[in-house]
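Hi,

Here is the structure I said I would pass on. Have a look at it first, and then read my notes below.

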Amino acid sequence: MRLVFLAAATVGGLVAQTQAPNESAPIFHVNVIERTAKAVNYFYRSGPTKIDFRGTVLLPESKGNATVESRRGRTEIDASFEHLKASQRFGYEYLTYVLWAITPEGRPHNLGEIVADHSDNGHLHVSTDLQAFALIVTAEPYSAVRKPSDVVVMENELRPDTAGSTETVNAKYELLPRGQYTWDVSAPLKQALANAPKVSQREYEALSELYQAQNAVGVATAAKADQLAPDTFVKAKQLLTEAEQMQQSKKDSARVVEIARQAAQTAEDARMIAVTRAQEQTLKTAHDETAKAREQTAAAQQAAAVAEAQAAQARADTESAQQRADAIAKQVEAEKAARARAEAQAAQAAAEAGRAREEAAVSAAAAAKASKPSPAAEKAEQRGKLLDDLSAVMTTRDTTRGLVVVVADSAFSGELLRTPSSEQLARVAAIVSRRPGLKIAVEGNCATAHDEATARRRAEEVRGTLIGDGLATAAVTSEGLGDSRPISSNATAQGRADNSRVEIVISGEMLGTIPLWDRTYSLAR
């Protein structure tokens, strides 16, 4: 990993636990010019293996280790970290740490937030559908970011006993320009950070997630999400307000964390939608310029028509000259000369008219080529519109597998859908049926292995409802995944409810394979 440092300072702090950074001191400003890490292809179902983490020059005293095991349908990562100093030492906007998996092609995947305890230690147990990847840790303004910042504090380091084949991640790019996820932190928040008292770990986590949600809404505002994605942005602000009110009312800190994280995620969705729609507006400007070019082409065609009319008039003059030559024998030679001159003029006018027609044809072809939108832009537009329509009915995420509509555990009474949820699915079926060619995969998930049968029957219940509401039988499949894809810990009732869900995965050629928040990266050989 090669880094260029423009300025550095060693002061730091942690929200509600230690002193905030000194505003007058310089902060790290990092410009990543090349990043090279070792990715590991963890052999399928070959048993667990260990890797280490080492700190970069930004946080050299930090370290960690992880146990990685490739299982059926997923790869599990159990990671522990030590000496995670306060992330705010890199700037007020950095409120947390995030663990990333980077594919050999350079595509990042957010695996989850690392919350340090009072001893600056952290632990994270997550799963991913990737097989080969490198692991890095970055400081971030909030945990729901889609691209890693350029503040990389740790990266994986292979051990002599690490099992699996390795390959180099050598993607030459700036992972994230400083400023895309930054904004001017308000004075009240700076004062709160500077004067925060010591609190319990649970209260600290609630405050940290709340400040991250405030950061996420601020970043979305800077991206003009309130104008370009108003529905999603309003939902994010409502969730943030709800979390703030719960915190002020001293409600359960776990619930505050849940609502604050949902607010941050929704704000990030609004930011990504705003970025996409801003790009669409840029395309519209290009389309308007193409229309102007077409107008210029029409003017050229009109000039060609005038030249053609002049040529016709010249031919008429020639015929008149010929008639006068026949009537007046004495002026035969003079009329011949005049006729020759008129014919020369007509030939010149015809040549000019031909050149004008050729130029008009070239301009028309160029205008037609410029006005045709790219297939990728059309797919992104279709994906964004469908995401907006589905989000207005039920909770929907944009993932690499497609658009995922979540049917929560509360939507069922046992294995049967409740009436309000059936009505919502009818609206989902109506939205999808307006876009022929889409594939719908219904996946049942549960919290524990003995609920696998319930998960499968719930998936079949949702599939039957969608087909009954108008979707083609061949286009809708269902399966039970059991407890293979948990998204929360089963230690709490809310976590078990989160895991007992049904996901409707919608995909197809018209939506493309790349989410609105994602992009591919070029490789450096």
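**What I found**

Let me start with strand β13 (residues 402–407): six of its six residues are buried, so the strand is largely enclosed by the rest of the structure. Before I go on, please keep in mind that this is a predicted model.

So what sits around β13? It belongs to an open sheet of five strands, in the order β12-β13-β18-β16-β17, with mixed pairing. The edges are taken by β12 (396–399) and β17 (476–482); each has a single partner strand, so one side of each is left without a neighbour in the sheet. If you ignore direction, neighbouring strands here are turned by 25° against each other on average. As a general reminder, strands of a sheet pair through backbone hydrogen bonds, either parallel or antiparallel.

You can walk through the sheet strand by strand. β12 and β13 make a hairpin with two residues between them. They run antiparallel and are joined by four bridges, and T399 stands opposite G402 in β13. On the next step, β13 and β18 are also antiparallel, with five bridges between them; there, V406 faces E503 in β18. Further along, strand β16 (residues 439–445) runs parallel to β17, and six bridges join the two. In that pair, V442 is opposite S478 in β17.

There is a helix to look for here too. Helix α9 (residues 452–468) lies across β16, β17 and β18 (502–507), and runs at about 165° to β17.

Now for the cores. Which residues have the most contacts inside the largest nonpolar core? They are V407, I440, V462, L466, I504 and I506, in a core of 63 residues. The element that gives the most to this core is helix α5 (residues 253–327), with 10 residues. L466 is a good place to zoom in: leaving aside its neighbours within four places in sequence, it is in contact with L425, A429, I440, V442, L471, V476 and I504. Apart from the largest core lies another one, of 30 residues, with F90, Y94, A116 and V126 among them.

One more local detail: how many aromatic pairs does the count come to? It comes to one. The ring centres of F53 and F81 are 5.0 Å apart and the planes are at 55°, so the pair is tilted. It links distant parts of the chain, with F53 in strand β3 (residues 49–55) and F81 in strand β5 (residues 74–82), 28 residues apart. Both F53 and F81 are buried.

Finally, some overall numbers to go with the picture:

- The protein chain has 10 helices and 18 strands.
- Of its 525 residues, 43% are buried.
- Among contacts in the chain with a separation of 6 or more, 73% are between residues 24 or more positions apart.
- The accessible surface of the chain comes to about 26200 Å², and 50% of that belongs to carbon and sulfur atoms.

If you want a route through the structure, begin at the β12 and β13 hairpin, cross the sheet in the order β12-β13-β18-β16-β17, and then turn to helix α9, which lies across β16, β17 and β18. After that, find L466, one of the residues with the most contacts inside the largest nonpolar core, and end at the tilted pair of F53 and F81.

Cheers

Conventions: Residues numbered from 1 in each chain as written. Predicted model: local features only at pLDDT ≥ 70, side-chain atom pairs only at ≥ 80, totals over all residues. Heavy atoms only, no water. Core = buried A, V, L, I, M, F, W, Y, C linked by side-chain atoms within 4.5 Å. Buried < 20%, exposed > 50% of the residue type's maximum accessible area, 1.4 Å probe, protein only. Contact = heavy atoms within 4.5 Å. Phe/Tyr/Trp six-rings, centres within 6.5 Å; stacked < 30°, edge-to-face > 60°. Areas by Shrake-Rupley, 256 points an atom, 1.4 Å probe, with all protein chains shown as cover. Pairing = 2+ DSSP bridges. Axes fitted to C-alpha atoms, helices over the stretch in contact; angles between N-to-C directions.
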